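Have your viewer open and your selection tool ready. We will go stop by stop, with something to select each time.

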Protein chains: 10
Amino acid sequence: MLFQVEMTVKLPHDLHSEQAAEIKAREKAYSQQLQRDGIWRHLWRVAGSYSNVSIFDVQDNAALQDIVSALPLFPYMDITVKPLCRHPSSIHDDDR
Amino acid sequence: MLFQVEMTVKLPHDLHSEQAAEIKAREKAYSQQLQRDGIWRHLWRVAGSYSNVSIFDVQDNAALQDIVSALPLFPYMDITVKPLCRHPSSIHDDDR
Amino acid sequence: MLFQVEMTVKLPHDLHSEQAAEIKAREKAYSQQLQRDGIWRHLWRVAGSYSNVSIFDVQDNAALQDIVSALPLFPYMDITVKPLCRHPSSIHDDDR
Amino acid sequence: MLFQVEMTVKLPHDLHSEQAAEIKAREKAYSQQLQRDGIWRHLWRVAGSYSNVSIFDVQDNAALQDIVSALPLFPYMDITVKPLCRHPSSIHDDDR
Amino acid sequence: MLFQVEMTVKLPHDLHSEQAAEIKAREKAYSQQLQRDGIWRHLWRVAGSYSNVSIFDVQDNAALQDIVSALPLFPYMDITVKPLCRHPSSIHDDDR
Amino acid sequence: MLFQVEMTVKLPHDLHSEQAAEIKAREKAYSQQLQRDGIWRHLWRVAGSYSNVSIFDVQDNAALQDIVSALPLFPYMDITVKPLCRHPSSIHDDDR
Amino acid sequence: MLFQVEMTVKLPHDLHSEQAAEIKAREKAYSQQLQRDGIWRHLWRVAGSYSNVSIFDVQDNAALQDIVSALPLFPYMDITVKPLCRHPSSIHDDDR
Amino acid sequence: MLFQVEMTVKLPHDLHSEQAAEIKAREKAYSQQLQRDGIWRHLWRVAGSYSNVSIFDVQDNAALQDIVSALPLFPYMDITVKPLCRHPSSIHDDDR
Amino acid sequence: MLFQVEMTVKLPHDLHSEQAAEIKAREKAYSQQLQRDGIWRHLWRVAGSYSNVSIFDVQDNAALQDIVSALPLFPYMDITVKPLCRHPSSIHDDDR
Amino acid sequence: MLFQVEMTVKLPHDLHSEQAAEIKAREKAYSQQLQRDGIWRHLWRVAGSYSNVSIFDVQDNAALQDIVSALPLFPYMDITVKPLCRHPSSIHDDDR
């Protein structure tokens, strides 16, 4: 089941730079593992911003919550979620 | 080059139903041709709405404008556009 | 799987009153069937408005879309959707 | 009398982690007591967020204020309240 | 139990003037009856607008819904509702 | 002359608790004096919030500014003001 | 007593042009009479818009309401009102 | 003197197509004359929309108003205006 | 050339009180000099707020920027600017 | 390929003034190099603000992201991006 998730990172300016670097390193490793697992299907940068557009493929709402709330940057992001499903005009039976 | 495009259809309630059906049929055919051409890469319905989330793969901004403004439903939609590019944490060289 | 759905009805003032009555009658019958089926778990009026707060229990996002887009009042409503899941502080294993 | 209450937690990033943990522990205990008392009827997490959707069953507006303003996380949350009542299409005489 | 209700009238410009006059006359009679009944406690015009600020004194949420949704101008108004209760700094035990 | 004033308190989380308590005590004393003087006509808590709805009865705009800007919590509140006057449907000649 | 009033004209596109011209002529005459009376102190066009910024000098809120609601274009305008008073840094005792 | 002007065209769906075509033809001729006169310095389409971003070079605010309010599409557009001036980091003395 | 400028002061709560007082004193002196020079034509307090409505009379956009960005409170204010010009219904040739 | 980029600088008030000066100096040097390279085509100050309107000429979305995210002030700015293309009414084949 697919969800579009948009995340905008808003790091407090007085966060220590080493702490920020450490959080971002964990975020990257975590996101890459989820990509390899086929859960984080797509991950794009929105050009000119510190935001991304992502497509998640999860079992249900609870799985989405588990994954998103475990993001190391979760406390520092504005996040919007949209549940997706097949569009009647799609030519793909299972567009992921 | 990728763009995320979100479209929300707002048909006037006094549009004749045949006219609406004819516009929607043309929209479907047009969108399916663009999907077959590899331009309209992804097309998802946002669950519980008359909206979609789409990913377009076009040569440049002008191509995006040509394609989107030719949508039969173009006069009846709220549309937002976000330019996308590779995310530094993506494991894909060319995620489309 | 649960979703919170909020709907605000905005009937065009020049809709014929018989047509409006007919749509509302079908909406009522449809919603009551879904309630009897255990899909439309809760349905409350927001006091002082023409809005409702609803909880849907569906199999997945696609089922939500099928059900909501088939509402007779669908073309005349502003609708927002929020995917729900178990809250870690809930005392219920399966709060529906 | 029912109210829908939506809460979004916004903890300041420079709150000491022990203080945050202590507040959250008190919040959990308090919310579970209210659930056992039948006052906090439903408590759901909004998937992909640090928000919840809740249904409160209280005697009147004053009781709602007493309960909500006593939440340990009250100073750190954005809260919206909607008064609810029976919907004319509900099949339940007393949907709680 | 008190509620603050704010109403902004938005009459469609193509409503027949006799029909508008008839609706407004019924609205006036209805509101004055509710004022005499002690339900519509206060009714003020917001200066420079077609809006009012009102205080309703009702038994519960359901009573508020019955009264507000029966307003002849109900289909033509934007309405916001806020549940009120005693303020801890009020010098009145029962400020109505 | 009446004004509706809505105030939402937003205390910075790192304000010392004694300082906050001292400001709130002065606010309470000040507001109660204004209520006894017949200036702060009504003061209600909005249920489920740290907001109030108030009705002020002052000589003119300048008096409103003097009174509101002298509130001890003034630097910590979001405030909206609406000038009020008699509503043509009011049954009271001088509703205060 | 001064108020800043901002008005944006939104004429329905299907208003008959003669009717629109007649309303605008009455609006102009009415506004010029109020200017000559010293009530409508300032009237400026916001460049690049169909909006104006105005300063009214009236006895009280009720007078403002009487004057603004009698504008021939009143049903076709978005209007915002701000009560004004002397600024402590003004060098004028009575800036109008 | 430069202004950035953003215009979004919102043609009513029930405008006769010949009338719309005639308005657009006049708009095009008018805008091209202003471009040749060096007044409408830049005119870009926002990709994926019925909007443009424009830079006007006019003598003063009044000239801007005269030019913009005379646009044949003026009654059918949402317009925002921003006054521009030299940026201290610009390498151009007179960037137009 | 006239501009309406609206300013809302938002002083950080942890600004030292002497520093705040010093900035405000400079702001007052600066604004009074500009008033004496005929540049800051009008300066009004918005009643019940820490905002003002001002009318500036400057040579061009660049002069406005020079003057506004030199305000001692500039870093602590939300500012909106509207270019003004003569209104066709104004009875004054040069309303300042 | 052109993009309009609007940037509003929001420096935290407790940033050390030397650090702010150093960031701004780097921002200026960086922006002037990009202007000399023909990438940052236009750079205007919005009068009365700490914002700019800019036109970038880049190869693609990825280049825009590289350039914008490398701005020394990037962490301290609100940024909006609009992809631009030739307007059908433009008299210029290649308006940059």
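Contact here means heavy atoms within 4.5 Å. This is a predicted model, in which local features need pLDDT of at least 70 and side-chain atom pairs count only at pLDDT 80 or more, while totals for chains, interfaces and linings use all residues. Residues are numbered from 1 along each chain as its sequence is written, chains are lettered from A and ligands numbered from 1 in the order in which they are written, and side-chain values use heavy atoms, with hydrogens and water left out.

**Stop 1: chains A and B**

Select chain A and chain B together. Across this interface, 31 residues of chain A are in contact with 31 residues of chain B. The size of an interface is often given as the accessible area lost when the parts come together. Buried area is used that way here: the accessible area (1.4 Å probe) that two parts lose on being put together, summed over both. For chain A and chain B, the buried area is about 2,900 Å², with 57% of it on carbon and sulfur atoms. Now highlight A:W44, A:R45 and A:H87, which supply 23% of the area that chain A buries against chain B, more than any other three residues.

**Stop 2: polar pairs and the elements behind them**

Keep the two chains in view and turn on the side chains. A polar contact is a pair of N or O atoms within 3.5 Å; within protein, one must be able to donate a hydrogen and the other to accept it, and residues adjacent in sequence count only if both atoms are side-chain atoms. By that rule, 21 residue pairs are in polar contact across the interface of chain A and chain B, both residues at pLDDT 80 or more.

Next, color chain A by secondary structure. Helices (H or I, at least four residues) and strands (E, at least two) are DSSP runs, numbered from the N terminus. On the side of chain A that touches chain B, the elements giving two or more residues are β1 (2-9), α1 (17-36), β2 (40-46), β3 (51-57) and β4 (77-86) of chain A. The largest share, 6 residues, comes from β2(A). Recolor that side by residue class and you will find 12 nonpolar, 10 polar and 9 charged residues. For these classes, Ala, Val, Leu, Ile, Met, Phe, Trp, Tyr, Cys and Pro count as nonpolar, Asp, Glu, Lys and Arg as charged, and the others, Gly among them, as polar.

**Stop 3: a salt bridge between chains**

Which residue does B:K82 form a salt bridge with? Select B:K82 and A:E6: their closest N and O atoms are 2.5 Å apart. The pair crosses between chains, from β4 (residues 77-86) of chain B to β1 of chain A. A salt bridge is a side-chain nitrogen of Lys or Arg within 4 Å of a carboxyl oxygen of Asp or Glu. There are 2 salt bridges between chain A and chain B, and 60 over all chains.

**Stop 4: strands within and between chains**

Switch to a cartoon view. Two strands pair if DSSP finds at least two bridges between them. Inside chain A, β1(A) and β4(A) run antiparallel and are joined by 7 bridges. On β1(A), the residue A:E6 stands opposite A:T80 in β4(A).

Follow β4(A) across to chain B, where 3 bridges join it to strand β2 (residues 40-46) of chain B, again antiparallel. Two pairs to pick out are A:L84 with B:V46 and A:R86 with B:W44.

Then move to chains E and F. β1 (residues 2-9) and β4 (residues 77-86) of chain E pair in the antiparallel sense over 7 bridges, with E:Q4 partnered by E:K82. From there β4(E) pairs with β2 (residues 40-46) of chain F over 3 antiparallel bridges, and F:W44 is the bridge partner of E:R86.

**Stop 5: chains G and H**

Select chain G and chain H. Here 7 residues of chain G are in contact with 11 residues of chain H, and the area buried between them is about 610 Å², of which carbon and sulfur atoms give 62%. Highlight G:H13, G:A47 and G:G48, which lose the most area to chain H, together 78% of what that side buries. The interface has 0 salt bridges and 3 residue pairs in polar contact.

Now superpose the two copies, by least squares on the C-alpha atoms of residues with pLDDT of at least 70 in both. A rotation of 72° with 0.0 Å of shift along its axis places chain G on chain H (RMSD 0.0 Å). The two copies are thus related as by a five-fold rotation axis. To find the axis, select G:D14, whose C-alpha comes closest to it among the residues of chain G, at 7.9 Å.

**Last stop: chains without contact**

Select chain A and chain H: no contact joins them, and their closest C-alpha atoms lie 15 Å apart. Chain D and chain G also have no contact, with closest C-alpha atoms 26 Å apart.
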